[in-house]
Amino acid sequence: MAYNWNWEVFLQPSATGSGTYFDWMVYGFKTTIGLSLTAWLIALLLGALVGVLRTVPNKLLSGIAAAYVEVFRNIPLLVQLFLWYFVLPELLPTELGNAFKQSNPFVQQFLSSMLCLGLFTSARVAEQVRSGIESLPRGQKNAGLAIGFTLPQTYRYVLLPMAFRLVVPPLTSEFLNIFKNSAVCSTIGLLELAAQGRQLVDYTAQPYESFIAVTLAYVVINVTVMVLMRRVEARVRVPGFIGGK
Amino acid sequence: MYEFDWSSIPGALPFLAKGMLVSLEIMVAAVVIGIVWGTLLAMMRLSSIKPLSWFAAGYVNTFRAIPLVMVLLWFFLIVPHLLEQLLGVPRGTDMRLGSAIAGFALFEAAYYSEIIRAGIQSVSKGQMAAASALGMNYWQSMRLVVLPQAFRNMVPLLLTQGIILFQDTSLVYVSALADFFGTASKVGDRDGRLVEMLLFAGAVYFVLCFSASQLVRFYQKRLKTA
Amino acid sequence: MHSNRIALAALVASTLLSAPAFAQESATLKKIKEIGAITLGHRESSIPFSYYDDKQQVIGYSQEIMLKVVDAVKAELNLSKLDVKMMPVTSANRIPLIQNGSVDIECGSTTNNTERQKQVGFSNTIFVIGTKLMAKKNSGINDFPDLAGKNVVTTAGTTSERLLRKMNEDKKMGMSVISAKDHGESFLTLETGRAVAFMMDDALLYGETAKAKRPADWSVVGKAQSMEAYGCMLRKDDAGFKKVVDKAIAGLMTSGEAEKIYNKWFMNPIPPKGLNLNMPLSDEMRALFKSPNDKAFD
């Protein structure tokens, strides 16, 4: 094949004079990790809250939670991202919108991406939490109420400790997804891994090397997360339950 | 406060409709190819022939480890070059739609194959044993006994995956293919009305995907009571 | 080592030149003839060079020149019918798309420079620009030094992006450089107040004002950081195809037709809003029209 392989391209100083092309990759890698982890934190907290709300008897609360899930699940991630980044600042009060828009662009892109990914994923987490709670035998809730716990107490001491352990395996795949989905954020100019890969193609004209390196980096992230989560799953497994093996 | 101006939407509707057709075309092609290829992968994965099962496992795990955006970029920028070098495909054929469909289909097949594998495994072993007791060979019992039952159970999941795929088609944005979302953002760019166009696009996606998922839910309920 | 390579290149070049039969053989022309179709790369928002009008048709100065080139190719190959396929490209993907064969020729707003010549071929120059800034009038931004510590936008994959990032590193200006996907998005970034200035080729900056909500609010300022020559991009080392394209472009320029096209796009009202860019023919352009060439400025 008539292609000049040149893996040393990563060691060359970059065209803009800021470090080597390898440094660009590292920067992108760090951004992807930072973005995914912070977004995951948001997704877990909000998702747990919304998931619990979906199961409460109060119709209004469970209705709001259901609407939340439907909105974030039925609009494509890319569209949501554009809404956060391009539309939201225009709809804010002028002062606030301008303050946001004049801040450091990396901060703007990162915050928009983080909120977008976090809320998008939280709807999926909520669904897992809800099905975790619903998979518990009805008797558990009744038993909790029967011994005099209030509803919040029943959730706190009886239902949630079990449900959270049950949903760990399905949440692993959502956790993996958030790293992959973060690549979408390259479209608003956030210089994460995929964006750096594309920039490398443009600056070095070595498309194969750049794409292979970026793809491998994602595989490495994926494998690392999987190995870590296996250990977590093993620790929280509930013996005798589905998935408890 | 922001002054909304929705006036550029009516004039853009024909382009948006065309874009929607492109989105649907990609989705339908990718779903069909993805399910066929995904079924084959699932059967390979469950096969007793080790190399086949290794190949399927490797394929599925690799595609599930890579972001869709990267897969699409590979297919958009690199694969055409590769095909030309290896197979001598004539240059200059517009491969954007083809490469987008191929990228989606190969990617989604990995996800479909996992759904289908679970579906096949959910059909009890006794069915397979009964089929071979009747004198059917492996393929006959798969085709006539196991797969029909497996697919019946899987339909809601497959449809839901189809809805996810439809949402994901917006990512062809990275290959400058004019799908529904790409068209919307281009028109918004051109008229300086991006805010309105994005809100409009979001609303359209929501209505379509929400109605589709309600239909799937309805179907699922009927399946359960049947 | 280096001089050896140059000597080798010279040797190869001279053998190629001495064998005109080879120079005529063009993979691109052969392919166009075989499949009876040519794929043109165009831009979506490079006003007034190559962009969509309100019917999603591609129009502009470069687009018109490219269509003339297509006519010349058709005549050269004696084809009665030639399918013309259009493919939109962005600053960031145009080079890979030429290289991987998706696009045969791209006339838009692509600078011909020595770095890019390592990757792709360029036709005769079709336009000459200087890279400047666009900022809001009365914003206090009059030249590049005023940008220190501010948010500045430019389009990803352009020469301006490199110049701006390099200037930022070299002079420690502390700018935050935003790289937008296309000129339309860059201008949106400027117009919505995300950046105080937009660095780009002057002609394109004038073009962007053509679709601004209030064109009078914007002005193009600053000392040009570079002069650049736009060319049509072709695949590298395809002398036969380049010859046909070059001849067609040179013909347009010396016959005065190019100046007519220029006046249509730079001195008259243009879509989408009927604004007149009022950009008189520069000395550089006049010189180019007199003696067409394919020289890069760097």
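**Exercise 1. State how many helices and strands chain C has, and how far the model can be trusted there.**

Solution. Chain C contains 12 helices and 14 strands, where helices (H or I, at least four residues) and strands (E, at least two) are DSSP runs numbered from the N terminus. Residues are numbered from 1 along each chain as its sequence is written, while chains are lettered from A and ligands numbered from 1 in the order in which they are written. This is a predicted model, in which local features need pLDDT of at least 70 and side-chain atom pairs count only at pLDDT 80 or more, whereas totals for chains, interfaces and linings use all residues. The pLDDT, the predictor's confidence in each residue from 0 to 100, averages 88 over chain C, and 92% of the residues score at least 70. Residues 11–23 of chain C, however, have a pLDDT below 50, and beyond near neighbours in sequence this stretch has 4 contacts in the model; two residues are in contact if their C-beta atoms, placed from the backbone, lie within 7 Å. For the complex, the predictor gives an ipTM of 0.88 and a pTM of 0.83.

**Exercise 2. Work out why the radius of gyration of chain C agrees with that of a compact globule.**

Solution. The radius of gyration is taken over C-alpha atoms, and the globule rule is 2.2 Å times the number of residues to the power 0.38. Because chain C has 298 residues, a compact globule would have a radius near 19 Å, and the 20 Å of chain C agrees with this. Along the principal axes, the C-alpha atoms of chain C fill a box of roughly 60 × 50 × 35 Å. Of its residues, 48% count as buried, which requires 20 or more other C-beta atoms within 10 Å of a residue's own, with C-beta atoms placed from the backbone (exposed: 12 or fewer; partly exposed: in between).

**Exercise 3. Describe the domains of chain C and the contact where domain 1 touches domain 2.**

Solution. The assignment, which is automatic or from a database, gives domain 1 (25–129 + 228–290) and domain 2 (130–227). Their C-alpha centres lie 25 Å apart, and the contact takes 22 residues from domain 1 of chain C and 23 residues from domain 2 of chain C. On the domain 1 side, β2 (45–46) and β7 (121–136) of chain C each supply at least two residues, with the largest share, 3 residues, coming from β7(C).

**Exercise 4. Set out which residues of chain B and of chain C form the sides that touch chain A, by class.**

Solution. Begin with chain B, where the contact takes 29 residues from chain B and 29 residues from chain A. Helix α8(B) gives the most to the chain B side, with 11 residues, and this side divides into 23 nonpolar, 5 polar and 1 charged. For these classes, Ala, Val, Leu, Ile, Met, Phe, Trp, Tyr, Cys and Pro count as nonpolar, Asp, Glu, Lys and Arg as charged, and the others, Gly among them, as polar. Turning to chain C, 19 of its residues are in contact with 17 residues of chain A. The most residues on the chain C side, 5, come from α7(C), and by class this side has 5 nonpolar, 7 polar and 7 charged residues.
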